[in-house]
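Here's a walk through one protein chain, with the cut-offs spelled out as we go. Have the viewer open while you read.

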Amino acid sequence: MQYSEIMIRYGELSTKGKNRMRFINKLRNNIQDVLSIYPAVKVMADRDRAHVYLHGTDYKPVAESLKQIFGIQNFSPSYKIEKSVPALIAAVQEIMTDIYQEGMTFKVSSKRSDHDFELDSRELNQTLGNAVFEAIPTIQAKMKAPDIELRVEIRSEAAYISYETIRGAGGLPVGTSGKGMLMLSGGIDSPVAGYLALKRGVDIEAVHFASPPYTSPGALKKAQDLTRKLTKFGGNIQFIEVPFTEIQEEIKAKAPEAYLMTLTRRFMMRITDRIREERGGLVIINGESLGQVASQTLESMQAINAVTNTPVIRPVVTMDKLEIIEIAEKIDTFEISIQPFEDCCTIFAPDRPKTNPKIKNVEQYESRLDVEGLVERAVRGIMVTEITPQAEQDEVDDLIQDLL
């Protein structure tokens, strides 16, 4: 027998009251985006659960994709069965014979949404339980925590049977908590910060600063690859490339070396905030971890934050490096992050950066620069690209290769 659908149960959506359908509709759209790499698959969602109809697609890769999507509590691959008692008996006996191993226990849990069906839930449990005993005389029933729980659901169009329950990612559907701008470098920390923001329902757009020729096309691709890894948690992500060469050259030429990092980060914050304002974002998100580098002391954070009143969320701020690396490995960004490409924060990094910069000094050095003009030109020069899930991109790359 082949699975016909995957039944999805929601996570925290059960607490959303009158907003519940807004959350469910967003989750459905996210599932559709992530599963767009499987053309035959269709997604439906109602108030109680969602359904992924496989239409002949192998359920295993689809299930792997579903495991990553925030807002899903768990899900069960299901068989579609003709809605009749003989068909259900035959299906239950075939399924149990196939999966049973010596010593296993079982129970049958039936649910009817079609109340015109000839047996009620209690009668169906008894009938199908007896069918299992006929097929496997040595098996034992167990009502609490059995090895196998056969779930039978009678709907208007057909009956469905499942026995697996696969844990989902939990969290909130991406996009239900508003939009935030993720300051994405090529390092380990910022993709992890993006992942944690996605888990709480924030729809992220990735802002990446590029300074060619000091940063290479490889560094840009690295940042795009990191963004693509994050799409599996909620669908497509807008990638925003910011031209930063002019600003870094101006800072290098006109400011003391010790303050290069502080001034660079202040410009990044200003530009990200301007992009946020133009694109309807609510917050700025970054991967700063307290005390990890010179720009991440409390004094540095204060000096950098002074250029904006927008909330800045730092999901990894209290984590040590090993904790961040553990998450990076879990979400499959670590190996990309450690590729040896430069980024804007390292190309002009001073030997002895200021760890407790004074705002009055920072403002004095910035007075030598055309701050507003530099920010305006950078924002006007941004390039926006939509990053799609990996398998779809692989197909595009293969097609391009074939054409070449």
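At 37% relative accessibility, D332 counts as partly exposed; that label covers whatever falls between buried (under 20% relative accessible area) and exposed (over 50%), using a 1.4 Å probe and protein chains only. D332 sits in the loop between helix 10 (321-330) and helix 11 (334-337). Helices here are DSSP runs of H or I with at least four residues, strands are E runs of at least two, and both are numbered from the N terminus. The phi of D332 is near 70°, a positive value in a residue other than glycine.

Before going further, some ground rules. This is a predicted model, so local features need pLDDT of at least 70 and side-chain atom pairs count only at pLDDT 80 or more, while totals for chains, interfaces and linings use all residues. Residues are numbered from 1 along each chain as its sequence is written, and side-chain values use heavy atoms, with hydrogens and water left out.

**Backbone oddities**

A145 also has a positive phi without being glycine, near 50°. Its place is the loop between strand 6 (140-141) and strand 7, and A145 is exposed at 65% relative accessibility. Then there's the peptide bond from P212 to P213, which is cis with omega near 5°. P213 belongs to the loop between strand 11 (203-210) and helix 6 (217-230).

**The THUMP span**

UniProt, in an unreviewed entry, puts "domain: THUMP" at residues 60-165. UniProt positions follow the numbering used here, feature names are shortened, and annotations may be inferred rather than shown by experiment. The span is 35% helix and 29% strand, and its end C-alpha atoms lie 13 Å apart.

Strand 7 (residues 148-154) is a good place to look: 5 of its 7 residues are buried. The table shows how strand 7 pairs; two strands count as paired if DSSP finds at least two bridges between them.

| Partner of strand 7 | Sense | Bridges | One facing pair |
|---|---|---|---|
| Strand 5 (residues 105-112) | parallel | 7 bridges | S109 and R151 |
| Strand 8 (residues 159-162) | antiparallel | 4 bridges | E153 and Y160 |

Strands 7 and 8 form a hairpin with 4 residues between them. Y160 also has a charge for company: the charged end of R155 sits over its ring, 3.7 Å from the centre. To count, NZ of Lys or CZ of Arg must be within 6 Å of the ring centre and within 35 degrees of the ring normal. Elsewhere, R270 does likewise over the ring of F267, at 5.3 Å from its centre.

**Aromatic pairs**

A pair of aromatic rings is described by the distance of the centres and the angle of the planes. The whole structure holds 8 such pairs, where rings of Phe, Tyr and Trp (its six-membered ring) pair if their centres lie within 6.5 Å, and planes under 30 degrees apart count as stacked, over 60 as edge-to-face and the rest as tilted. In one of them, the rings of Y3 and Y59 have centres 4.6 Å apart and planes at 75°, so the pair is edge-to-face. It links distant parts of the chain, 56 residues apart: Y3 is in the segment before strand 1 (5-10), and Y59 is in helix 2 (residues 59-66). Y3 is buried at 9% relative accessible area, and Y59 is buried at 18%. Together with Y79, Y3 and Y59 form one aromatic cluster.

**The annotated binding site and its sheet**

Which residues does the UniProt "binding site" annotation cover? The unreviewed entry names M183, L184, H208, F209, R265, G287 and Q296. The lining of the largest pocket includes M183, L184, H208, F209, R265, G287 and Q296. On a 1 Å grid over the protein atoms alone, a pocket is an open set of points where a 1.4 Å probe fits, with protein on both sides within 12 Å along at least five of seven lines; lining residues have an atom within 4 Å of a point.

M183 lies in strand 10 (residues 179-183) and is buried, with a relative accessible area of 7%. Leaving aside neighbours within four places in sequence, M183 has contacts (heavy atoms within 4.5 Å) that include V207, F209, M268 and I284. R265 is in helix 8 (residues 260-279) and is buried at 11%.

Strand 10 pairs in the parallel sense with strand 13 (residues 283-285) over 3 bridges, with M181 opposite I284. Both strands belong to an open sheet of 6 strands, ordered 14-13-10-11-12-15 with mixed pairing. Strand 14 (312-313) and strand 15 (383-387) stand at the edges with a single partner strand each, so one side of each has no neighbour in the sheet.
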